[in-house]
Amino acid sequence: MSDSSPARPAAVVLDVWCELQCPDCRSALADLSALRARYGDRLEVRLRHFPLEKHKHAFAAAQAAEEAAEQGKAWPYVEAVLGRVEELGREGEPLLIDVARELGLDAGEFDTALIDGRHILIVDADQAEGKAIGVTGTPTYVIGGERLDGGKSQEGLRERIEEIADRLLAEGASGS
């Protein structure tokens, strides 16, 4: 059966290599919110995990973010944890479970997920892919095959992402 409705252009994908104990990633939230508001469903923002060794709770936070995604609240959870990076540094895993509880998620399931490691493979795969494409710090953005490093400065990155997204969307609309 054929669908005669006009084809909706595919969304442009923005991969964001992020670490939930990273102050620079917290700073990037405003840009990500602005991008999501501007493009809506024409831009798919995908969180990719890149926990850094210097932050001892980052790996657990990445696993917790995957559990939040499984429970339907990935971005609210990520934003809440990033808003409390200093607290995460001090409190560790108990904070991750507190944030889940505050968002109405199943905190017991978070605790179990952190113990049984059910999301480790996803985090490891993201990290391996990031390393393979040259990610060394967070946040790092990839859009249209171009890697943009936000770990040193966020200056001008949103504008560059918008330029690339606009070009890709225009190309998609013209069928090229």
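**Entry 1: strand register, β1 and β2**

I started at Trp17, which stands opposite Arg48 in β2. The model is a predicted one, and I read every entry below with that in mind. I then looked up the pairing around this position: strand β1 (residues 12-18) and strand β2 (residues 43-49) run parallel and are joined by 7 bridges. I followed the chain from one strand to the other and passed through helix α1 (residues 23-39); β1, α1 and β2 together make a β-α-β unit, and the unit is right-handed.

**Entry 2: the whole sheet**

I asked in what order the strands lie in the sheet. The order is β2-β1-β3-β4, so I noted 4 strands in an open sheet with mixed pairing, given that strands count as paired when DSSP finds at least two bridges between them. The edges are β2 and β4 (146-149), each of which pairs on one side only. For the twist I noted an average of 20 degrees from one strand to the next.

I also looked for a helix lying on the sheet. Helix α7 (residues 120-132) lies across β1 and β2, and its direction is at about 100 degrees to β2.

**Entry 3: β3, β4 and the loop before them**

Strand β3 (residues 140-143) pairs with β4 over 4 bridges, in the antiparallel sense. I looked up two opposing positions: Tyr141 stands opposite Leu148 in β4, and Val142 stands opposite Arg147 in β4. As a reminder to myself, side chains in a regular strand alternate between the two faces of the sheet.

The hairpin of β3 and β4 has 2 residues between the strands, and in this hairpin Gly144 takes a positive phi near 60 degrees. Upstream I checked the peptide bonds and wrote down a cis one between Thr138 and Pro139, with omega at about -5 degrees. Where is Pro139 found? I placed Pro139 in the loop between α7 and β3. For background, most residues other than glycine have a negative phi, and most peptide bonds are trans.

**Entry 4: α5 against α6**

I turned to the helix pairs. Two packed helices are described by the angle between their axes and the distance between the axes, so I recorded both each time.

Helix α5 (residues 93-102) and helix α6 (residues 107-116) have axes 8 Å apart and pack at an angle of about 150 degrees. Their crossing is right-handed. On the α5 side I listed Glu93, Leu96, Ile97, Ala100 and Arg101, which meet Ala107, Phe110, Asp111 and Leu114 in α6. Sorted by class, this contact has 6 nonpolar and 3 charged residues, with no polar ones.

**Entry 5: α2 against α6**

Helix α2 (residues 58-70) was next. The axes of α2 and α6 cross at roughly 130 degrees and come within 10 Å. The two helices are therefore oblique to each other. This crossing, too, I noted as right-handed. From α2 the contact uses Ala60, Gln63, Ala64, Glu67 and Ala68; from α6 it uses Glu109, Phe110, Ala113 and Leu114. The class count for α2 with α6 is 6 nonpolar, 1 polar and 2 charged residues.

I went back over the α6 residues. Phe110 and Leu114 appear in the contact with α5, and Phe110 and Leu114 also appear in the contact with α2.

**Entry 6: α3 against α5**

Which residues of helix α3 (residues 74-82) meet α5? I found Tyr77, Ala80 and Val81 in α3 meeting Leu96, Val99 and Ala100 in α5. By class the contact has 6 nonpolar residues, no polar and no charged ones. The axes of α3 and α5 are 10 Å apart, and the packing angle is about 130 degrees. α3 and α5 are therefore oblique to each other. The handedness of their crossing is right-handed.

Terms used. Residues are numbered from 1 along each chain as its sequence is written. This is a predicted model: local features need pLDDT of at least 70, side-chain atom pairs count only at pLDDT 80 or more; totals for chains, interfaces and linings use all residues. Side-chain values use heavy atoms; hydrogens and water are left out. Axes are lines fitted to C-alpha atoms, for helices over the stretch in contact, and angles run from 0 to 180 degrees between N-to-C directions. A crossing is left-handed if the near helix is turned anticlockwise from the far one by less than a right angle, and right-handed if clockwise. Contact means heavy atoms within 4.5 Å. Ala, Val, Leu, Ile, Met, Phe, Trp, Tyr, Cys and Pro count as nonpolar, Asp, Glu, Lys and Arg as charged, and the others, Gly among them, as polar. A crossover is right-handed if, with the strands pointing away from the viewer, the path from the first strand over the helix to the second runs clockwise. Angles under 35 degrees count as roughly parallel, over 145 as roughly antiparallel, 65 to 115 as roughly perpendicular and the rest as oblique.
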